[in-house]
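Reader: I have just opened my first protein model and would like to learn how its labels are earned. Could you take me through some of them?

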Amino acid sequence: MEMKTYAKGTSIRALSGADHDVAAVLSRIATLEGALSSLTVDEHRRQIIARACRALLGRPLAGEPEYNLQRHVIEELHHITDAELPRYLFYRYRYDVFPLTHEIDTFPPCVQIEPTSICNYRCVFCFQTDKAFTQGRNGHMGQMPLETFKRIVDEIEGHVEAVTLASRGEPLLCKQIDQMLAYVRGKFLGFKINTNAWYLDEKKAHAVLEAEPNTLVFSADAADPDLYAKLRVRGKLQPVLENVKRFAEIRAKHYPNSRTITRVSGVKYSAEQKFDDVEKFWHEYVDQVAFVDYNPWESAYDVPANGLVTPCSDLWRRVFVWWDGQMNPCDVDYKSELAAGKVSDSASVSDLWRGTAYTRLREKHLAGERQTLSPCKGCVVV
């Protein structure tokens with residue numbers, strides 16, 4: 001039987017509510033291509049943007065990969081101004097293509113920042129079910145100091161556009177999340193927040209909307225209260241629904257020009273989940289409804305070696321910065337066996353991204369040696 005792998009960059013399997021006007025987007029890209037010489041950017045950026053334009057317009061040069069926009073990206077581009085388009089394409093091309101070409105830049109295309117590793121849920125498909133992870137004495141639980149958050153944001157601003165607040169825990173549980181949201185406002189075109197929406201009260205709704213994230217993802221997988229509770233253990237559907245509804249009302253009343261795309265996104269875990277039911281239940285309150293592929297995060301260290309040798313795309317796509325500054329190559333490795341080091345005054349995100357630990361990890365994956373690494377040897381992310 002052929003092994004089922006998990007393609008992280010294309011994990012959205014069902015999506016409703018996204019705009020499909022590709023022609024309008026490509027027309028804007030053609031206009032940008034004609035004005036490349038007048039862009040006030042360095043030559044490296046100009047060349048990457050030119051590659052993106054050529055590929056998207058269907059005429060990449062020899063040796064350059066083909067490249068098409070995913071549906072949710074097309075929707076994002078409708079919220080991006082012409083003046084912002086070069087910045088967005090520079091980020092998005094590197095995010096989607098560099099994992100294929102195995103190129104690295106001074107900074108990663110995406111930085112996921114973990115405000116806290118603590119979560120109020122114990123979802124059946126999540127590493128929060130691992131008691132060795134959640135027990136405080138093991139040192140994995142904590143909240144990011146505001147000073148650490150600001151240091152990371154200050155370093156990557158102007159170099160990184162994709163910044164996600166989420167990782168192993170529920171970001172709205174962080175005591176300083178309001179200050180973090182205020183500090184990050186307007187700094188990243190691809191700013192995203194993932195939340196289970198349990199703590200999305202009125203105050204936090206305003207804090208989120210004032211921060212103007214590009215995308216706000218509400219993690220929900222069902223339209224039935226019993227199934228929701230079965231999947232999202234310790235959670236209840238009705239309070240989450242009420243929070244999402246109130247958020248939609250606040251946005252409509254107080255932020256009518258908000259560019260934030262709201263999305264309910266569920267993990268397709270069992271046959272009981274029906275996308276049509278979920279879409280029908282949630283579509284009135286959000287812009288998009290999606291299902292993403294299930295990946296067995298909850299047992300990465302326990303599964304047997306699977307023989308997979310394909311390099312992991314995340315090594316060229318993103319980094320995860322935990323609450324304590326630890327920089328990790330992926331969240332499948334939620335116990336940080338592959339950590340590259342800590343972001344600090346003497347070690348920046350850029351330093352660690354290009355540093356010895358990361359370089360050796362990429363070299364092993366490229367050499368077909370991921371089976372010598374844990375938890376890579378049992379992971380199916382490609």
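Reader: Which residues have the most contacts inside the largest nonpolar core?
Author: They are I113, I156, L181, F218, W282 and M327, in a core of 91 residues. Its largest share, six residues, comes from helix α10 (residues 237-254). Keep in mind that this is a predicted model.

Reader: What is another core made of, and where does it lie?
Author: It has 30 residues, among them I48, A50, L77 and C110, and it lies apart from the largest one.

Reader: Which residues does M327 touch, not counting those up to four places away in sequence?
Author: The list includes V319, F320, V321, L352, W353 and Y358. A339, A340, G341, V343 and V349 are on it too.

Reader: How do you know that C123 has no disulfide with C126?
Author: A disulfide needs two cysteine sulfur atoms within 2.5 Å. The sulfur of C126 is the closest cysteine sulfur to that of C123, but it is 5.9 Å away, so the two are too far apart for a bond. C376 gives a similar story: its closest cysteine sulfur, in C330, is 6.3 Å away, which is too far for a bond. A search of the whole structure finds zero disulfides.

Reader: Why is C123 called buried?
Author: Buried means under 20% relative accessible area. C123 has 6%, so the label fits. C376, at 9%, is therefore buried as well.

Reader: What makes R87 and E161 a salt bridge?
Author: The cut-off is 4 Å between a side-chain nitrogen of Lys or Arg and a carboxyl oxygen of Asp or Glu. Here N and O are 2.8 Å apart, so the pair qualifies. R87 lies in helix α4 (residues 85-101) and E161 in the loop between α6 (146-156) and β3 (162-165), so the pair ties together parts that are 74 residues apart in sequence.

Reader: Are R87 and E161 buried or exposed?
Author: They get separate labels: R87 is partly exposed at 31%, while E161 is buried at 6%. The partly exposed range runs between 20% and 50%, so 31% falls inside it.

Reader: How far apart in sequence are D96 and R92?
Author: Four residues, about one turn of helix α4, where both lie. Their side chains meet in a salt bridge at 3.0 Å, N to O. D96 has 13% relative accessibility and counts as buried, and so does R92 with 4%.

Reader: Which residue forms a salt bridge with E272?
Author: That is K230, with the closest N and O atoms 2.8 Å apart. This pair links distant parts of the chain, as E272 sits in the loop between β6 and α11 and K230 in helix α9 (residues 225-231), 42 residues apart. E272, at 45%, is partly exposed, and K230, at 48%, counts as partly exposed. The structure holds 19 salt bridges.

Reader: Why is strand β7 described as mostly covered?
Author: Six of the six residues in β7 (residues 288-293) are buried. The chain reaches β7 from β6 through helix α11 (residues 275-282), in a right-handed β-α-β crossover.

Reader: What makes β6 and β7 a pair of strands?
Author: Pairing takes at least two bridges. β6 (residues 261-268) and β7 have six and run parallel, so they pass. In β7, V289 is the bridge partner of V264.

Technical notes
Residues numbered from 1 in each chain as written. Predicted model: local features only at pLDDT ≥ 70, side-chain atom pairs only at ≥ 80, totals over all residues. Heavy atoms only, no water. Buried < 20%, exposed > 50% of the residue type's maximum accessible area, 1.4 Å probe, protein only. Helix = DSSP H or I, 4+ residues; strand = E, 2+ residues; numbered from the N terminus. Right-handed = clockwise from strand over helix to strand, strands pointing away. Core = buried A, V, L, I, M, F, W, Y, C linked by side-chain atoms within 4.5 Å. Contact = heavy atoms within 4.5 Å.
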